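Work through the exercises below with the sequence and the model at hand. Try each task before reading its solution.

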Amino acid sequence: MMRIAAGLIFVGAVSLYASGAAWSQTAAAKSAAAAPQAAAAPAPAAAPAPAKAPCTNPNALGIARIVEIDTTGGPGFGFEHFKQLDFLRDKEVVLTFDDGPWPVNTPSVLKTLAEECTTGIFFPIGKHATYYPEILKQVAAAGHTIGAHTWSHANLNNKKLTEDQRKEEIEKGFSAVKWALGASPSPFFRFPALQHPPEMVTYLGTRNVAIFSCDLDSFDFKASKPQTVIDSVMKKVDKLGKGIILMHDFQKHTAEALPELMHRLKAGGYKVVQMRAKTPVQTLAQYDEEVLKDAKLPTVSSRPVSSVVQTISE
Ligand SMILES: [Zn+2]
């Protein structure tokens with residue numbers, strides 16, 4: 001019942017922007033408009049808006065429009081679990097990628113998305129963010145939206161976890177991503193295995209963090225080859241006609257499937273919607289400190305990019 005109430009309250013929480021080629025101007029206008037407010041009431045630093053290279057691929061999938069999410073009260077997205085906010089129009093999709101950052105596969109996904117002049121939402125695992133902060137910085141630099149997906153990918157429905165441990169998984173996930181980026185990510189959260197205990201849904205509401213389930217799950221982690229990922233996504237999206245697509249930049253087959261999948265989506269008349277948060281997440285100092293302590297982070301962060309990131313092809 002709580003989710004229904006939240007859905008009614010925040011049904012207006014999705015602002016829509018006509019965008020097309022003008023999306024970077026829209027972003028610039030938004031930051032400019034937000035500046036005086038930020039000065040009056042200091043907010044956590046947002047990741048700097050990256051300078052976007054103009055799209056040189058005439059056949060690119062591109063970005064059809066940008067939606068900005070007011071995450072106050074923790075709205076839920078993705079009809080597999082949350083049915084209140086139906087903001088996608090026919091043939092619109094949102095691309096989402098979980099479990100990174102990871103060498104080879106995440107950079108490969110970034111390369112494909114860049115070639116297609118399009119964007120997605122990334123839900124990194126906190127520990128992975130501490131292993132490969134340079135890769136996560138590349139995700140941010142490419143203009144993608146970044147949320148969080150817990151600290152260690154624990155299933156938060158596991159009855160062995162205490163309430164404090166569940167909260168710690170969520171909070172340390174955000175703190176780790178913030179550490180890796182040097183800036184607060186979006187208040188967008190995805191539960192591992194989409195397992196969401198009601199108390200944590202309520203908790204995220206109090207933290208003003210939006211919850212992302214999905215409309216269609218690619219089950220790419222079960223795929224034995226890239227073609228299976230393509231077929232699975234296309235079959236499901238053709239049936240639904242639109243939706244938030246769950247994939248994994250962590251998975252090799254997904255990275256390999258993505259160029260063809262993008263072509264198939266374009267050919268099928270699908271359009272990508274970019275989702276952004278109105279304000280970044282406010283991490284809690286206690287968990288920021290725990291992340292630093294646990295992961296002995298300065299050592300990890302000092303690794304040069306070349307030791308972590310491999311070029312797939314030029
Ligand atoms: Zn996951």
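The exercises cover a metal site, two helix packings and the cavities.

The model is predicted, so local features need pLDDT of at least 70, side-chain atom pairs count only at pLDDT 80 or more, and totals for chains, interfaces and linings use all residues. Residues are numbered from 1 along each chain as its sequence is written, and side-chain values use heavy atoms, with hydrogens and water left out.

**Exercise 1. Name the protein donors of the zinc ion and place them along the chain.**

Step 1. Donors are N, O and S atoms within 2.8 Å of the metal (3.2 Å for Na, K and Ca); water is not among the atoms, so sites may look incomplete.

Step 2. Asp99 (OD), His149 (NE2) and His153 (NE2) meet this for the zinc ion, at 2.0 to 2.1 Å.

Step 3. Their spacing along the chain reads D-x49-H-x3-H. Asp99, in the loop between β4 (92-98) and α3 (105-115), and His149, in the loop between β6 (145-146) and α6, are 50 residues apart and link distant parts of the chain. Helices (H or I, at least four residues) and strands (E, at least two) are DSSP runs, numbered from the N terminus.

Step 4. Two backbone features belong to these loops. In the loop between β4 and α3 lies Pro101, and the Gly100 to Pro101 peptide bond is cis, with omega near -10°. In the loop between β6 and α6 lies Thr150, a residue other than glycine with a positive phi, near 75°.

**Exercise 2. Describe how α3 packs against α9, and how α5 packs against α6.**

Step 1. Two packed helices are described by the angle between their axes and the distance between the axes. Axes are lines fitted to C-alpha atoms, for helices over the stretch in contact, and angles run from 0 to 180 degrees between N-to-C directions.

Step 2. For α3 and α9 (residues 252-267), the angle is about 5° and the axes are 8 Å apart. The two are therefore roughly parallel (under 35 degrees; over 145 is roughly antiparallel, 65 to 115 roughly perpendicular, the rest oblique).

Step 3. Contact means heavy atoms within 4.5 Å. Asn105, Ser108, Val109, Thr112 and Leu113 of α3 meet Lys252, Ala255, Leu258, Pro259 and Met262 of α9. By class these are six nonpolar, three polar and one charged (Ala, Val, Leu, Ile, Met, Phe, Trp, Tyr, Cys and Pro count as nonpolar, Asp, Glu, Lys and Arg as charged, and the others, Gly among them, as polar).

Step 4. The axes of α5 (residues 133-141) and α6 (residues 163-181) come within 8 Å and cross at roughly 80°, which means that α5 is roughly perpendicular to α6. Pro133, Leu136, Lys137 and Ala140 of α5 meet Val177, Trp179, Ala180 and Leu181 of α6. This contact has seven nonpolar, no polar and one charged residues.

**Exercise 3. How many cavities of 30 Å³ or more does the structure hold, and which residues line the second largest cavity?**

Step 1. A cavity is a set of points, on a 1 Å grid over the protein atoms alone, where a 1.4 Å probe fits but cannot get out; lining residues have an atom within 4 Å of a point. Grid points are joined across faces, edges and corners, and a volume is the space filled by probe spheres set on the points.

Step 2. The structure holds two such cavities.

Step 3. The second largest cavity has about 30 Å³ of space. Its lining is Phe97, Gly100, Pro101, Thr106, Phe122, Phe123, Pro124, Leu136, Val139 and Asp249.

Definitions and conventions
1 Å grid on protein atoms, 1.4 Å probe; cavity = no way out; pocket = protein on both sides within 12 Å on 5 of 7 lines; lining within 4 Å.
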